[in-house]
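Okay, thanks everyone, I'll keep this short. Have a look at the model on the screen, and then I'll walk you through it.

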Amino acid sequence: MPKQLTVALAGNPNVGKTALFNNLTGARQHVANWPGVTVEKKEGRVQFEDYEITVVDLPGTYSLSPYSLEEIISRNFIIDEKPDVVINVIDASNLERNLFLSAQIIDLGAKMVFALNMVDTAASRGIHIDQKRLAELWGVPVVPTVANRNQGTKELLAAVVRTAEARDPVARHIHIDYGPDVEAVLGRIEKVLAADPQWSDEHYPRWLATKLLELDPDAIQRIQRFADRDAVMAQVEEGRRQLEKTWGEDATVLVAERRYGFLGGTVREVQKEELAKRIVLSEQVDKVLTHQLFGFPIFLFFMWLLFQMTFTLGELPMNWIEAGVAAMKTGVRSWLPDGLLRDLLADGIIGGVGSVLVFLPQISLLFLGISFLDDTGYMARVAFIMDRIMHALGLHGKSFIPMLMGFGCNVPAIMATRGLNSQRDRILTMLLIPLMSCSARLPVYILFAGVFFPRRAGQVIFGLYLLGIFMAVLLGIVFNKILLKGQEEPFVMELPPYRLPALRGVLVHMWDKVTVYLKRMGTVILVASVIIWVLGAFPKNPELAARFQQERDNLEASFVQKAKAWQGREDFAALCRNLEKEKEAALAAMRQHQQAEEMRQTFIGRLGGVLEPLLRPLGFDWRMSVSLLTGFVAKEIVISTLGVLYEVGEVTEAAADSLQQALKNSGLTPAVALGFMVFVLLYTPCLATVVTLWRESGALKWMLFAISYQLTLAWLAAWVVVKIGSLLGLG
Amino acid sequence: MAQKKLSELRPGEAGVVERVVGTGPFRQRLLEMGLTRGVRVAMEKTAPLGDPAEYVVKGYHISLRQGEADLILLSEVEEVAG
């Protein structure tokens, strides 16, 4: 049995922490969520010397303040799980800002090792760090690394083991010196804390004292169960008053300043910078990419490219998957005897697996693109360029990519909200994404606009897309005001230098998302698809089948009778041929009628009937109600259901005419048709989307909220459209 | 020299942080990112749509919305050679 070690990996965003994690753990990784929240938790294992080391990748943060979920997670992990060693990944070209987090980790009393990363880039920028001196000053072993070329990984592990075994020559615990006046105040708070009989060493007293002085809400929460909490808080208030009187600044600012003062001192002592050697290439690239004039068109081009790559290129493998699933269905149908088992296997299960797999190509390609943009540094520029617009919806510029991808397919789009920094932005973006008209809704518009607005089809369809965007803006403002009030995150964002991404990192990232999708969404979508299939296929109605069989027999018999009467005539053969055609047509009509009747008898059909009165004010008939129900599986299914219910059979591209004809003859008015399109645009997102929304938001309530607000919105909007349309003479 | 807000800097200008006003997470975040008293900040450029803007502080680039840059008061504003 090897000895166990737990190591936490902490660091700022954009310092190569992910690459280092990949180097440390290789393929032995596991992605999950932190308990109760949707922030990704990556864990991996590595054997080193006689240790089995578990590496936990903490979210990338600039600080450990209690204002963001990521920072609370990182901090609580270090405090509560007490990893044996914290590896702090530091960008060597940005020592001062990176050390701010390090100082907070030191305050937590954790054992630490510095991975001084990207030392090569720093050197090329003329920045040289005296690693030995840094280690001495901070009492922390320093290991230089170049993570994207897998350099320094072994040395880092060796330092971790030495530190864990407390035999590293430099490792010792230091105090960040906040200056005599602040230190005196901290000392008094610590004393009151330590005097409490319930005190245990689980909270490092210095950390708690510092945080209390900063009025950190989480730290205040942590002392609630202390008997002496009032005495502690009185001491804190007294200290704050005193410091404010002397310095004219609030203690929070003072602590941050002193911390930076300490860091500044360190940097002056260990860093040598050659004069004015700037990151010329990156700045040149940026001059073009965020240019006042060209920045925007270039940006639009990249977004177009990402969209095309995801959805146009993604359609190829999607078609293969669909063809494969269809072939398997046919295979099962020919292998197994007629019956329930065959239907369940072919239509229920294989169909269900197909509906899970069909999203994989788009998810893979989208995340391939996103992690490429992320790793090059362009993602921060996307946020920079689009923030003005997204801010109007109460969102961060980073929400633009998920929203844009919504026009292709809502499922990968909602998954793409993982790149957003705050839980609030993630939820709001997820709620608005379904208003982006996905490609599955387009066939419905094409059909209805083609039939009822033949000369203006293009304008009508364009109008629907705009309506979706308009609703997103409107609801973005409403949700901001009511639902997620006052939680807007600071935008403050680093614009990292441009870099060439490492292929391996991009691929690992993509693979992570695919496994997350299969594990978290796949099973739920599969089960739900099977349930909906059951609702659409049952109850079987043997009487109905028997009645139709009887009618078919009668029909055949009547044709045989006719043929018999003509026997002996010289044009008998020609007559029979005509008669045969007539019979086929009559049988086909009967089959279609039977299909429609059967669908009407299933649970979904009956439910459609029950719901019809609700939709009657909009002018929708029962057929449209049922098709909206089946459209929950996937919105394009609205069309095939309408095909069945209007008794025109399978709607293929060639046979779309017959459905168009049927709709023309159905007595629907253009106003109602327009209302129906608006309803399809806005009503509940499809099954896979709501499942993704549920799993990604981490709460069933958001899924239920999304479904109900969209149904309400769709009804109201469709009602308004139908009424106004009728007034304008479209009735 | 008269006090200026960070948001009032034009590209190519720089100033020294005198005070960060405001409260709560906003200010905390600005402090954490190194925008403390005495630190020099240079304005690089605005985004194509006018907001946010890019600044350089302690050798790295940071983007702030106008409303956030309003919270940072500067002294010693000067032109730097672009």
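Let me begin with a cut-off: a residue is called buried if 20 or more other C-beta atoms lie within 10 Å of its own, exposed if 12 or fewer, and partly exposed in between. And keep in mind that this is a predicted model.

So, with that in hand, take A:Phe462, which sits in helix H21 of chain A, residues 457–482. Is A:Phe462 buried, exposed or partly exposed? There are 13 C-beta neighbours inside 10 Å, so A:Phe462 counts as partly exposed. If you want to place A:Phe462 relative to another phenylalanine, try A:Phe296: the two are 166 residues apart along the chain, and their C-alpha atoms are separated by 23 Å.

Now for the other end of the scale, helix H29 of chain A. That's residues 670–682, and 13 of the 13 residues of H29(A) are buried, so the helix is largely enclosed by the rest of the structure. Its geometry is what you'd hope for: from first C-alpha to last, H29(A) reaches 18 Å, close to the 18 Å expected for its 13 residues at 1.5 Å a residue.

What does H29(A) do for the packing? Well, the largest nonpolar core has 215 residues, and within it A:Val113 and A:Met677 touch the most other members. H29(A) gives the most to this core, with eleven residues. Domain 1 and domain 2 of chain A both give residues to the core too, so it lies between them. And if you zoom in on A:Met677, leaving aside residues up to four places away in sequence, you'll find A:Val444, A:Tyr445, A:Phe448, A:Ala449 and A:Leu464 touching it.

Next, those two domains. Chain A is divided into domain 1, residues 3–164, and domain 2, residues 180–273. Their centres, taken over C-alpha atoms, are 25 Å apart. Where they meet, 18 residues of domain 1 are in contact with 19 of domain 2. On the domain 1 side, the elements giving two or more residues are helix H3 (95–107), strand S7 (127–129) and helix H5 (131–138) of chain A. H3(A) has the largest share, six residues. By class, that side of domain 1 comes out as eleven nonpolar, three polar and four charged residues.

Okay, on to chain B. How many residues of chain B are in contact with chain A? It's 27, and they meet 27 residues of chain A. On the chain B side, helix H1 (24–32) and strand S5 (60–64) each supply at least two residues, and H1(B) gives the most, with seven. That side of chain B divides into twelve nonpolar, seven polar and eight charged residues.

I've kept the sheet for last, since both chains are in it. Seven strands form an open, antiparallel sheet, in the order S10(A)-S5(B)-S4(B)-S3(B)-S2(B)-S6(B)-S1(B). S10 of chain A and S1 of chain B, residues 4–5, stand at the edges with a single partner strand each, so one side of each is left without a neighbour in the sheet.

Right at the crossing between chains, S10(A), residues 493–494, pairs with S5(B) in the antiparallel sense over two bridges. The bridge partner of A:Met493 there is B:Ser63. S5(B) also pairs with strand S4 of chain B, residues 53–57, again antiparallel, over five bridges, and B:Ala53 has B:Leu64 as its bridge partner.

That's my tour, happy to take questions.

Notes:
Residues are numbered from 1 along each chain as its sequence is written. Chains are lettered from A and ligands numbered from 1 in the order in which they are written. This is a predicted model: local features need pLDDT of at least 70, side-chain atom pairs count only at pLDDT 80 or more; totals for chains, interfaces and linings use all residues. Two residues are in contact if their C-beta atoms, placed from the backbone, lie within 7 Å. Helices (H or I, at least four residues) and strands (E, at least two) are DSSP runs, numbered from the N terminus. Ala, Val, Leu, Ile, Met, Phe, Trp, Tyr, Cys and Pro count as nonpolar, Asp, Glu, Lys and Arg as charged, and the others, Gly among them, as polar. Two strands pair if DSSP finds at least two bridges between them. A nonpolar core is a set of buried Ala, Val, Leu, Ile, Met, Phe, Trp, Tyr and Cys residues joined through C-beta atoms within 7 Å. Domain bounds come from an automatic or database domain assignment. The expected span of a helix is 1.5 Å times one less than its number of residues.
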